[in-house]
Amino acid sequence: MAPRRKENVLDVAALTRKLQGDLPCRGKQLAMMFALMGQPCHVTCPAVFLYGHSATGKSVLVAAVLEAVGAVRAVVNCVEWQNQRQLYEEILNQLSGQGPCPENGYSQYARCDNANDFVRLLRGVIEERKIEETVYIVLDKAERLRFMDGHILPAFLRLSELSRCNVCVILLSQIVWEKFRCGTGYREPTVIHFPDYTKSEILEIIASDCPQGYEPTFYASYVNLLLSIFYMACRDLNELRHLAKLNFPKYVEPISKGEATEGDAHKLWRNIEPHLKKALQTVYLREVSSAQWEKYQQEMTSQANLPTMLSARAQVELPFYSKFLLIAAYLASYNPAKSDRRFFAKHHGKIKKSAKVSKKKETSNQLLGPKAFPLDRLMAIFYSIVDARVAPSANIFSQISSLVTLQLLSHVGHDDQLDVPKYKCTVSLDFIRSISRTVNFDIIRYLYDFV
């Protein structure tokens, strides 16, 4: 990429208006990025830290802004490069334009073993190419830098100072900057937060993907219907966009067959309702590919293969104690805390008739959904239902983390809370019953709604 001449001046207002159409709901972050960058030959901010959950637009916004201004840049995903030498060499390859290829025998621009060599070679690349504008180094998944040598992160944050060149390092991460602090020797970056999209923003973004041949208002009503089902279970924009695209052909199937019009919302809903229920069981856990899903939708008349494939989650293999932990979590989520003594204490005493009568008037806990419970309540139920005596060990608690990673449990609250951690069980009744059968545990006897 050839560097721009010094006299080039960017029309920031025009670029902002142009990019706002491609990056909806990110106008504030877009304006902050342009303000920090300034004009091409201005001395810019040495380091910028962008953080937010996945699918909040960090990587897309940075790539769009740098592409729009035609900046000299190197974009590196820290997950792909496991040590500092590979990381440094990849940045130098991109900036020099001399990466591995058949013409040069797949050789690197230069061997770079440490930060000292990297600063020297970086200055050499800038001088060779006579780059007079800001050079941007984008490090995606920057949290991986915390697991490399301790000097690497401070070196990147002070790269402009060390190289005596106009260099800006942009760090993209899903965790907050406070977890990056590494003692002394580093410069505080400028921090930009990318908050989660709200429901209305997600609706606006997905509705912009309206397929050809359909009215935008019709597609927006379909997306609104989809969000009313999936928004409580999933906030990830990529997953919701995938679900919207995947299920739309089934939604408009009665229209394509001539059995309904775009105004027959009730008929369209009845046609897609069973498919959305199946999709709700596989959010984040895609047992089938998109192509298989579409094939099964076409074969729904037989009703043979789809339930078998989608029940793969129910056959998931878990360690023995993990199954009991998951059962205990389900009981803690759907049983009121006041009933624990009744179900799990040996001498709980008699139950008054008035308690039975008042229970019938309450709404079913299965309909209200899972409730958060503290860790100590989970462990108390676990030790009550497991037959063998199990000592509290790191192995048991690590299995709770594994269940959270598998998204069978969900961690409620923040990591820095001083109180006991709280969780929710995210599995369905059918799933937990199938798990209970594998360990010969009758979970129905212990559920408040069924006693």
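This report describes the fold, nonpolar cores, salt bridges and one pocket of a predicted model.

## Overall composition

The model is predicted, and its protein has 21 helices and eight strands. Of the 451 residues in the protein, 42% are buried. When contacts between residues at least 6 apart in sequence are considered, 73% of them join residues at least 24 apart.

## The largest nonpolar core

The largest nonpolar core contains 42 residues. Those with the most contacts inside it are Ile91, Phe118, Leu139, Leu145, Phe156, Leu159 and Leu171. Both helices and strands contribute: strand 1 (47-51), strand 2 (72-77), helix 4, helix 5 (115-128), strand 3 (135-140), helix 6 (152-157) and strand 4 (167-173) each supply at least two residues. The most comes from helix 5, which gives seven residues. In soluble globular proteins, nonpolar side chains tend to be buried together.

Separate from this core is another, of 38 residues. Phe373, Met379, Val386 and Val439 are among its members.

## Leu171 within the core

Leu171 lies in strand 4 and is one of the residues with the most contacts inside the largest nonpolar core. Leu171 counts as buried because its relative accessibility is 1%, below the 20% cut-off. Beyond its neighbours within four places in sequence, Leu171 is in contact with Val48, Phe49, Leu50, Leu139, Ala142, Leu145, Leu153 and Leu157. Two of these partners, Leu139 and Leu145, are also listed among the residues with the most contacts inside the core.

Leu171 also comes within 6.2 Å of Asp140, C-alpha to C-alpha, although 31 residues separate the two in sequence.

## Salt bridges

The structure holds ten salt bridges. Side chains of opposite charge can pair when their charged atoms come close. One of the ten salt bridges joins Glu89 and Arg85, with an N to O distance of 3.3 Å. Both residues belong to helix 4 (residues 84-96), where they are four residues apart, about one turn of the helix. The two ends of this pair fall into separate accessibility classes: Glu89 is buried because its relative accessibility is 4%, while Arg85 is partly exposed because its value is 28%.

A salt bridge also links Asp340 and Arg377, whose closest N and O atoms are 2.6 Å apart. This pair connects distant parts of the chain, with Asp340 in helix 16 (residues 340-344) and Arg377 in helix 19 (residues 375-385), 37 residues apart. Both Asp340 and Arg377 are buried. For Arg377 this class follows from a relative accessible area of 12%, which is under 20%. Leaving aside neighbours within four places in sequence, Arg377 is in contact with Leu331, Ala332, Asn335, Pro336 and Ala337 as well as Asp340.

## A salt-bridge network

Arg158, Glu161 and Arg187 form one network through salt bridges that share partners. Within it, the side chains of Glu161 and Arg158 meet at 2.8 Å, N to O. Glu161 counts as partly exposed because its relative accessibility is 39%; Arg158, at 25%, is also partly exposed. Both values lie between the 20% limit for buried residues and the 50% limit for exposed ones.

## Gln86 in helix 4

Helix 4, which holds the Glu89 and Arg85 pair, also contains Gln86. Gln86 is partly exposed, with a relative accessible area of 28%. The C-alpha atoms of Gln86 and Asp113 are 8.5 Å apart, and the two residues are 27 apart in sequence.

## The second largest pocket

The second largest pocket has a volume of about 420 Å³. Its lining comprises 26 residues, of which Ala55, Thr56, Gly57, Lys58 and Val60 are the closest to the pocket centre. At least two lining residues come from each of helix 1 (12-22), helix 3 (58-69), strand 4 and helix 10 (237-251).

By residue class, the lining of this pocket divides into eight nonpolar, ten polar and eight charged residues. Strand 4 therefore appears in two settings, supplying at least two residues to the lining of this pocket and at least two to the largest nonpolar core.

Terms used: Residues numbered from 1 in each chain as written. Predicted model: local features only at pLDDT ≥ 70, side-chain atom pairs only at ≥ 80, totals over all residues. Heavy atoms only, no water. Salt bridge = Lys/Arg side-chain N within 4 Å of Asp/Glu carboxyl O. Buried < 20%, exposed > 50% of the residue type's maximum accessible area, 1.4 Å probe, protein only. Core = buried A, V, L, I, M, F, W, Y, C linked by side-chain atoms within 4.5 Å. 1 Å grid on protein atoms, 1.4 Å probe; cavity = no way out; pocket = protein on both sides within 12 Å on 5 of 7 lines; lining within 4 Å. Points joined across faces, edges and corners; volume = space filled by probe spheres on them. Nonpolar A, V, L, I, M, F, W, Y, C, P; charged D, E, K, R; others polar. Contact = heavy atoms within 4.5 Å.
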